Amino acid sequence: MTAKKDAPWQDLPEAGIITDPGNAAEWETGSWRSNRPVWDEEECIDCLNCWIYCPDSAILIEDGAVRGIDYRYCKGCGICVEVKPKKPQCLKMIPESESEDQQ
Ligand code: SF4
Ligand code: SF4
């Protein structure tokens, strides 16, 4: 059903209802991705900028160090690459089609 542009809210179709708090884990948003960040463990200095700014909590951390990227949730927004330090080439974005791992 498509609502008219000027339709009152009562006529809008139901969608995107959050029925349970904290249910974001159920929605694996990784399928939205057209580009993916690739993490280079050798270059990473564990500044944690990527972890702090990732809107999907897709940067995996263990004992205060990055361990990888959870591609089940990474939407490929590229924020992690934007906020990484200038020097290390710790993260780069590549087209999903160039990825060897089509996870
Ligand atoms: S921004 Fe780069 S250097 Fe900092 S924790 Fe993330 S991957 Fe490592
Ligand atoms: S591309 Fe976006 S969603 Fe994916 S790890 Fe980076 S900041 Fe998180």
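This is a short talk on two ligands and a few individual residues in one protein structure.

Okay, hi everyone. Before we look around, keep in mind that this is a predicted model.

Let's start with ligand 2. Where does it go? The space it takes up is the largest cavity. And which residues surround ligand 2? Going along the chain, we meet Pro 37, Cys 54, Pro 55, Asp 56 and Ile 59, and then a run from Cys 74 through Lys 75, Gly 76, Cys 77, Gly 78 and Ile 79 to Cys 80. If you sort that shell by type, you get eight nonpolar, two polar and two charged residues.

Now over to ligand 1, which sits in the second largest cavity. Its neighbours include Trp 39, Cys 44, Ile 45, Asp 46, Cys 47, Leu 48 and Cys 50. Val 66, Lys 84, Pro 85, Cys 90 and Leu 91 are also around ligand 1. This shell has 10 nonpolar residues, no polar ones and two charged ones.

You've probably noticed the cysteines in both lists. So how many disulfides does the structure hold? Zero. As a quick reminder, a disulfide is a covalent bond between the sulfur atoms of two cysteines.

Let's take one cysteine from each shell. Cys 50, by ligand 1, has a relative accessible area of 9%, so it counts as buried, the cut-off being under 20%. Cys 77, by ligand 2, comes out at 48%, which makes it partly exposed.

Next, two residues with a backbone angle to look at. Ser 57 isn't a glycine, yet its phi is positive, near 50°. You'll find Ser 57 in the loop between helix 1 (49-53) and strand 2, and it is exposed, at 61% relative accessibility.

The other one is Asp 63, again not a glycine, with a positive phi of about 50°. Asp 63 is in the loop between strand 2 (59-62) and strand 3 (65-69). Buried or exposed, what would you say for Asp 63? Exposed, because its relative accessibility is 75% and the cut-off is over 50%. And how far is Asp 63 from Thr 29? They are 34 residues apart along the chain, and their C-alpha atoms are separated by 26 Å.

Last stop: Glu 96, in the segment after strand 4 (91-95). Glu 96 is a charged residue, but it is buried, with a relative accessible area of 11%. What does its side chain contact? The side chain of Arg 33, through a polar contact of 3.0 Å.

That's my tour, thanks for listening!

Technical notes:
Residues numbered from 1 in each chain as written. Chains lettered and ligands numbered in written order. Predicted model: local features only at pLDDT ≥ 70, side-chain atom pairs only at ≥ 80, totals over all residues. Heavy atoms only, no water. Near = heavy atom within 4 Å. 1 Å grid on protein atoms, 1.4 Å probe; cavity = no way out; pocket = protein on both sides within 12 Å on 5 of 7 lines; lining within 4 Å. Sits in = over half its atoms within 2 Å of the grid points. Disulfide = S-S within 2.5 Å. Buried < 20%, exposed > 50% of the residue type's maximum accessible area, 1.4 Å probe, protein only. Helix = DSSP H or I, 4+ residues; strand = E, 2+ residues; numbered from the N terminus. Polar contact = N/O pair within 3.5 Å; in protein donor to acceptor, adjacent residues only side chain to side chain.
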